[in-house]
Amino acid sequence: MSGAALLGEARNPIIRWEWVYEEWDQIREALLEHLELTMLAMALGLVVSTILAAIALRFRWTMTPITATTSLIYTLPSVAMFALLAPVFGNLSRVTAVLPLAAYTLLILVTNIVAGFQSVPQSVRDAADGMGLSPARRVWSVELPLAMPFIMTGIRIATVSTVGLVTVAAIIGQGGLGRLIFNGLRRAFWTPMTVGALLSIILALMLDALILWIGLLLSPWQRRKKAAA
Amino acid sequence: MQHSFPDPESQINASRAAIRLSGVTKEFRGSAEAAVADLSLDIEEGSIVALLGPSGCGKTTTLRMINRLIEPTSGTIEINGTNVADIPAQELRRGIGYVIQQVGLFPHRSIASNIGTVPKMLGWNKKRIAERVEELTSLVGLDHDLLSRYPDELSGGQQQRVGVARALAADPPVLLMDEPFGAVDPIVRARLQDQLLELQSEVRKTIVLVTHDVDEALRVADQIALLNVGGVLEQLAAPDDLMRTPANDFVRTFVGEDRWLRRLHLNLVSSLPHHTGPILPIAATFGEAREVLAAEGVSWLGITEDDVFLGWVQASALDAVEAAGGSLADLERQLPAAQVEPTSTLRSAMELIMVSNTSAAVINEGGKFGGVVTLEGIRRGLAGDTS
Amino acid sequence: MITNPTRRRATVKLLAPLVALGLVAAACGSDSDDDSSSTDAPTDSSAPAGSDVPTTEMEMMDGPTIRLRGQDFSESVTIAEVYGQFLHAKGYDVEVLTPAGFRTEAIDSIQNGDVDLIIDYIGGSLTALVPDAPTSADPDEIAALIGPAYADIGATLLNYSSAVDGDAFVVRGDSEATTISDVAGLDYVFGGSAACFEREQCFIGYTDPDLYNITFADTVTLEFGPLLGEALSAEEVDAVQWNTTAPQIAENGFKVLEDDLGLHPAQNIAPIINTEVLDAYGAQLGADLDELSALITTADLLAWNTETDIELRESDAVATEWLEASGLI
Amino acid sequence: MPDSARPLPGQVAVPRDIGFVDWFFDVGTWTDKGGILDSLWETVLLCSIVTIVAVIVSVPIAAALAHFGKAEVSTTWLVSISRAVPTFAIAALLVPWSLRRGWGFEPWPIFIALLLLALVPIYLNTYTAISQVPDGTVDAARALGHSETSILTKVEFALGASVVLSGIRVAAIQVVATEPIRAFLGGDGLGRYVRDGFGQNNDTLVIGGMILIGGLAALTGLIFVLLERIVLPPGVRRLARQQGDRTR
């Protein structure tokens, strides 16, 4: 078979290193944009899910509808989400990319925040009340730190999935490393696709490790336990 | 909320507090029966009162109404004449120590930080908190090395001690304890109970203790309030009186017919108040010997030398030896027939005393003389008479 | 591909603390056109076309940033680069955005002001803007129809180029057919994009009993791009709707069947610019764009596509090379 | 449109300005050749096969590794990688590869891409399920004379069944939600409505497609909930509630 861009052909191997070198600027841009979109989506997702989790914890009956809604959002095809929002918020607006990305984090984050606060032993809450901690202080200085391991796990999982999802936002001209993937897709050129996919995985792993590390910093009592185990 | 609550000016006297419950009733929503019904109770300052009863008798509810974790449906609770409802809840709680069965230590804070929780809230400076933490650590018998550890790294008994230290941190006049030793094994529990009594002899708090363990109540409380289901007070009495003169069948059944016997099996020689008895060093004079004999009302003496028990001598032989110009060392000594260890149960000690012809057993504490156990001492120990 | 300065600025903004709720606002603002403080001076000739920072010897034109964006296929990306780099060299403040979407998105963005300049194929524009208008092989006729339509959405159609990338009915080299009419009796499997199936100038025209009246054995919906060639090669389909400048046609020995009944409209490329932006720069901008459009030929399009899709070079470098070779920069 | 130009299987020619209700509740929309019912069947068939194969591959491997307490660390990393892999890119890479081998658009590229997606949640949950069975329980079974195989199947598996099942549920839902990319790679299935909606600039189709896909995913979740009710003994279900769902 002659002609167009064949896999394994000398011109179009799985990865062509000169391309990586020559297009380094493009790759770096894409990587930074990927990071930016991930962080924006996570930040927005965290704010919203904190509010939702607070509602769910305060009014127990809301837990089911909140979970149902966030689960449904989670199953909606991301490609369609981006495309539908594009005419609403404009093709170029970060909002168009960030809103769906943030929406996809809700299920994981809400579930984990709620689980985290529910994991706080009743006795600890009781002791805090008995010693005269105000409710706000109890939540902030006792419950939150104890819920932190769960919350950090949620943030890890959500961040990693978001890194994967950001690539899809390339259909609306954003999407960080997804732009590389689409660049390759346009021409059946493997190198940008491989670079995009690989960097997305590497970025996910690095963020995962980073958040794991931050989580351990935030919960020294856990670290000690882990070391002892 | 920067009231430094246990100040002299505070509504509750800094060192002493009496608690008075008047007609306190608590009905929970959706429950037909009251959890606590028209309960009136006077708690003397500086005493330990045990709220005892079967589950569902409202003892924990009663306790939690004192520091307003639960608000009564009707009735009033006063601490030193001040209605607790008039004190802001959080301020009130900071002035009342609170110990619970599951301890509820903050797992994410070091032991030192746990103990210092209330002082920190009261705005003490770091140095003062650190000193107080050190002091309390010694007071409850904790190893200072533990202060930098996290709760998970401590044994159940150690955690419970931290819980007590934490409750005492701001030197509150009132201590509420909700089954404080419920989660530890019987041996540790007995030790913790001893320690509580020891502690109480130093700090003299007004302590309200919830328990379902009759032995515990008998052992540590000055007064026992026996509650029945629905929060009905069946009897309020000193432990001895409760056992000797139960007010009704419920009390009799609850306290149990074989109470004494069970306690003999349960309690150790070491749990008895330290009692030396008619014991004298070998170098003592005849005058001293007669004094001790008169004071103890016995007809025999124990002789020790360098903390080692040498044997018993008969009082009747004193006059003859003194007349012969001898000393105590010249008396004929009988070797101790009854010897017990501090870890022997009271039952085995009693058995030994019965079968030997002395009326006391010698406590052998690792080869040294550790005091004597008498039948009277055992009786008093069982009755909770710690004097 | 072009580096996008607004993206870089947005990243810097972001790395400053992600102050929770301010995020969305910051994100919205990132495409504002008043920000020209970027100091990323271009260092090599292939990269910087999208930069809004002129090199020192050039005189900066006074006016708003011209944002242009290609559609999501190589030719459109390269065309956008060519126009972008050309204008940039002329001293205009230009920003070439990441390619995204196809014609619908392009027209939407010029209408809502996300983008100031697009380069589209006039026949395609006609289908999108005036779907009921009769198709024509005459570019002037089409231009006369779409000019007013673009004016209605605040844009100006400039002169079309002689460069044409027309619709192509493509079959394998061994096909017996030479005209589209020949296909009627061949029981072919047809592959086309989702858009093709609802267009008079495409699938509907081919199957229309009053026109080509072809009965296909089956159809496959394919994304526009190299997959069309792959599918044809693999004999998954026997005919595809492609474009005349697809380099894979020659590369694979495919052939383009003659549109013997004149279904396909003229598909010359033409710049369409936001009228306000055009007016802000005065007549010079229009003249400059016309100058460039006049120079681009169909052969150029095919050459660019060969570079990007067969030689796998990047559009920005291909554009720079052509502009240099043509003495335009 | 004249009858002879009636759409062939492979494309949906829906008037651009049709209202969602008119489209969705038209009988023809559902029953026509290439209509919703056909697309639904294609999707359900592929998703079921992918999920079943993923179970057959993942469960034994995970169970064996967990039983012998291997692969703790690699398991964690595997999750991260799998979540970040752009499934679309994988599938897109595989299509030309498949075409050139004469294997066509389908089913291999989309099948492999979805399989990769489904393997991990099932592997992970099985691993978790087996390794969280208390050592004491396993020892007790050993002491009662169970063989290692019998411990794995009768004890560890029975106790972890709920967690394994929820892993399969998550995998199935993800597969259903991701399968629509098939429509962008030369196939059909429910994703066709989203694809055609994009291509034809028809939001009715895009929204309709999203509702169908979201609905199928939700239904999939529901089926697993019912399955759990039927399959698991109440004691194990109670146990599972206590342990909590570790999949998220």
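Visitor: How much of the accessible surface of chain D belongs to carbon and sulfur atoms?
Guide: Welcome! Please keep in mind that this is a predicted model. The accessible surface of chain D comes to about 11,000 Å². The share of that surface belonging to carbon and sulfur atoms is 67%.

Visitor: How many helices does chain D have?
Guide: Start at the N terminus and walk along the elements of chain D: they run α-α-α-α-α-α-α-α-α-α-α. Strands number zero here. The count of helices in chain D is 11.

Visitor: What percentage of the residues of chain D count as buried?
Guide: A residue counts as buried when its relative accessible area is under 20%. Chain D has 248 residues. Those that count as buried make up 53%.

Visitor: Let's turn to chain B. How many strands does chain B have?
Guide: The C-alpha atoms of chain B fill a box of roughly 80 × 55 × 40 Å along the principal axes. Within chain B there are 15 helices. Its strands number 16.

Visitor: How far apart do the centres of the positive and negative side chains of chain B lie?
Guide: Chain B has 34 positive side chains and 51 negative ones. Each set has its own centre, and the distance between the two is 8 Å.

Visitor: Is C:Asp182 buried, partly exposed or exposed?
Guide: C:Asp182 sits in the loop between β5 (167-171) and β6 (189-192) of chain C. On the surface, C:Asp182 joins a patch of negative charge whose members include C:Asp174 and C:Glu176. Its relative accessible area is 35%, and values from 20% to 50% fall between buried and exposed, so C:Asp182 is partly exposed.

Technical notes
Residues are numbered from 1 along each chain as its sequence is written. Chains are lettered from A and ligands numbered from 1 in the order in which they are written. This is a predicted model: local features need pLDDT of at least 70, side-chain atom pairs count only at pLDDT 80 or more; totals for chains, interfaces and linings use all residues. Side-chain values use heavy atoms; hydrogens and water are left out. Patches are made of residues with over 30% relative accessible area and no salt bridge: like charges are joined within 9 Å, nonpolar side chains (Val, Leu, Ile, Met, Phe, Trp, Tyr) within 5 Å. Accessible areas come from the Shrake-Rupley method with a 1.4 Å probe; for residues, only the protein chains shown count as cover. A salt bridge is a side-chain nitrogen of Lys or Arg within 4 Å of a carboxyl oxygen of Asp or Glu. Lys and Arg count as positive and Asp and Glu as negative; His and the chain ends are not counted. The place of a charge is taken as NZ of Lys, CZ of Arg, CG of Asp or CD of Glu. Helices (H or I, at least four residues) and strands (E, at least two) are DSSP runs, numbered from the N terminus. Buried means under 20% relative accessible area, exposed over 50%, partly exposed in between (1.4 Å probe, protein chains only).
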